[in-house]
Amino acid sequence: MSRLPAVRAVPLSEIPAAYPQMRFAVRFADGRESSHDAGARHPLAGTGTLVLAAAVGRCAESDPGLLGERLTLTAEHRRASRSGTLRRMDSELRLTVDDALALIVGTGDGACLQAVLEFLADRGVDLLGVARTLIGDWNLVDTEISGFEPETGVTTPADLCTALSGLSGRVLGWMGQVFEPAGLASALPGFGPRTVPHHTVAGWDPAGALGGDPIGGRSRPGFASVLVLPDTAVVAAYHPALQRDGTAVTPLEVSTAFGTLGLSVWRGWTGRGQPPSAPPSTPPSTPQST
């Protein structure tokens with residue numbers, strides 16, 4: 001019987017040897033950095049959500065009422081969606097732009113994404129143009145984005161760390177409501193609302209991870225995850241969809257690598273004499289959208 005991969009307590013300096021295919025960048029609040037192949041470009045692989053949320057947040061700065069506007073999620077939006085639970089509804093749904101963004105960031109809901117893109121286009125908002133302006137403002141020289149649905153573009157772990165460091169409180173608020181069972185936050189100490197405070201975005205669907213079933217193969221762009229540990233570190237990682245021998249990587253293997261890295265970053269901070277963040281009795285407060 002083969003041994004299933006599991007999250008390990010690996011020193012941050014040993015992560016490249018333990019998971020040589022995983023590219024990552026870590027920037028601690030005290031100025032320390034750690035990385036492995038962090039300047040190599042890779043597909044967005046789900047991190048386009050981060051850019052989209054930041055672009056909508058930028059739009060809200062010049063249009064304060066935007067996030068409170070209501071949009072309608074229709075049958076057309078559900079049929080065009082490839083992810084999320086709202087695509088399985090059989091009736092229309094009215095919700096605010098703010099709520100829709102929380103669902104996109106928190107669950108990767110494709111129907112909400114379709115509705116938001118249509119709503120903003122009807123208002124004359126060039127969201128892709130706003131996103132490209134943001135990329136320029138952040139000086140993400142290795143990042144390009146050419147579409148949100150389907151998501152198309154490239155970035156690097158180093159650029160993603162820079163973006164994470166420049167996020168507004170509003171975007172971090174959306175990211176503070178995410179339950180990500182397979183990414184960098186998946187092995188942090190605690191559980192649910194008692195997990196150490198962190199911000200992330202919903203990544204790939206971990207369905208089949210327990211069985212170790214390969215998914216995606218050559219058609220999949222790979223797997224990516226981002227993590228903000230407040231006053232501690234920002235982390236970004238990418239794992240290719242294929243092993244070096246050409247076989248498909250399993251979701252459990254990717255989740256193990258990401259979880260180990262996230263835990264190693266947290267240990268790398270607390271191990272230097274910094275006290276760990278006290279687990280709150282209720283979910284950490286997040287900035288409120290206005």
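In the predicted model described here, G147 sits across from T152 of strand β7. This facing pair belongs to the antiparallel partnership of β6 with β7 (residues 151-155), which is held over four bridges. Strands of a sheet pair through backbone hydrogen bonds, in either a parallel or an antiparallel sense. Here, β6 and β7 are part of an open sheet of three strands, ordered β3-β7-β6 and paired in the antiparallel manner. Because β3 (42-43) and β6 (144-148) each have a single partner strand, they stand at the edges, and one side of each has no neighbour in the sheet.

The loop between β6 and β7 contains P150. The peptide bond that joins E149 to P150 is cis, with omega at about 0°. Two further loops next to this sheet hold a backbone feature that is worth a look on screen. In the loop between β3 and α2 lies A45, which has a positive phi of about 50° although it is not a glycine. With a relative accessible area of 11%, A45 is buried, because the cut-off for that class is under 20%. In the loop between α6 and β6 lies N139, another residue other than glycine with a positive phi, in this case near 60°. N139 has a relative accessible area of 54% and is therefore exposed, the cut-off being over 50%.

Attention now turns to the helices. The protein as a whole has nine helices and nine strands, and three helix pairs are described here. Helix α2 (residues 48-62) and helix α6 (residues 127-137) have axes that come within 9 Å and cross at roughly 100°. The two helices, α2 and α6, are therefore roughly perpendicular to each other. On the α2 side, the contact is made by V51, L52, A54, A55, V56, R58 and C59, and these meet L127, V130, A131, T133, L134 and D137 of α6. Sorted by class, the residues of this α2 and α6 contact comprise ten nonpolar, one polar and two charged.

Helix α2 also packs against α4, at an angle of about 160° and with the axes 10 Å apart. This angle makes α2 roughly antiparallel to α4, and the crossing of the two is left-handed. The contact brings together T49, L52, A53 and V56 from α2 with L101, I104 and V105 from α4. Six nonpolar residues, one polar residue and no charged residues make up this contact of α2 with α4. L52 and V56 of α2 appear in the contact with α4 and also in the contact with α6.

Helix α4 (residues 97-107) has a further partner in helix α5 (residues 110-122): their axes come within 9 Å and cross at roughly 140°. At that angle α4 is oblique to α5, and the crossing is left-handed. The residues V97, A100, L101, L103 and I104 of α4 meet C112, L113, V116 and F119 of α5. This contact of α4 with α5 is made up of nine nonpolar residues, with no polar and no charged ones. L101 and I104 of α4 take part in the contact with α5 as well as in the one with α2.

Strand β9 offers a look at the interior. Seven of the seven residues of β9 (residues 233-239) are buried, so the strand is largely enclosed by the rest of the structure. From β9, A233, V235, A237 and H239 point one way, while V234, A236 and Y238 point the other way, and all are buried. Strand β1 (residues 23-28) pairs with β9 in the antiparallel sense over six bridges, and F24 stands opposite A237. Strand β8 also runs antiparallel to β9, joined to it by seven bridges, with L229 and A233 as bridge partners. The hairpin of β8 and β9 has three residues between the strands, and D231 in this hairpin takes a positive phi near 60°.

The loop between α8 (169-175) and β8 (223-229) includes P181. A relative accessibility of 41% places P181 in the partly exposed class. P181 is 78 residues away from G259 in sequence, and the two C-alpha atoms are 9.2 Å apart in space. For the whole protein, 69% of the contacts between residues at least 6 apart in sequence join residues at least 24 apart. Of its 290 residues, 48% count as buried.

Technical notes: Residues numbered from 1 in each chain as written. Predicted model: local features only at pLDDT ≥ 70, side-chain atom pairs only at ≥ 80, totals over all residues. Heavy atoms only, no water. Pairing = 2+ DSSP bridges. Axes fitted to C-alpha atoms, helices over the stretch in contact; angles between N-to-C directions. Parallel < 35°, antiparallel > 145°, perpendicular 65-115°, else oblique. Left-handed = near helix turned anticlockwise from the far one by under 90°. Contact = heavy atoms within 4.5 Å. Nonpolar A, V, L, I, M, F, W, Y, C, P; charged D, E, K, R; others polar. Buried < 20%, exposed > 50% of the residue type's maximum accessible area, 1.4 Å probe, protein only.
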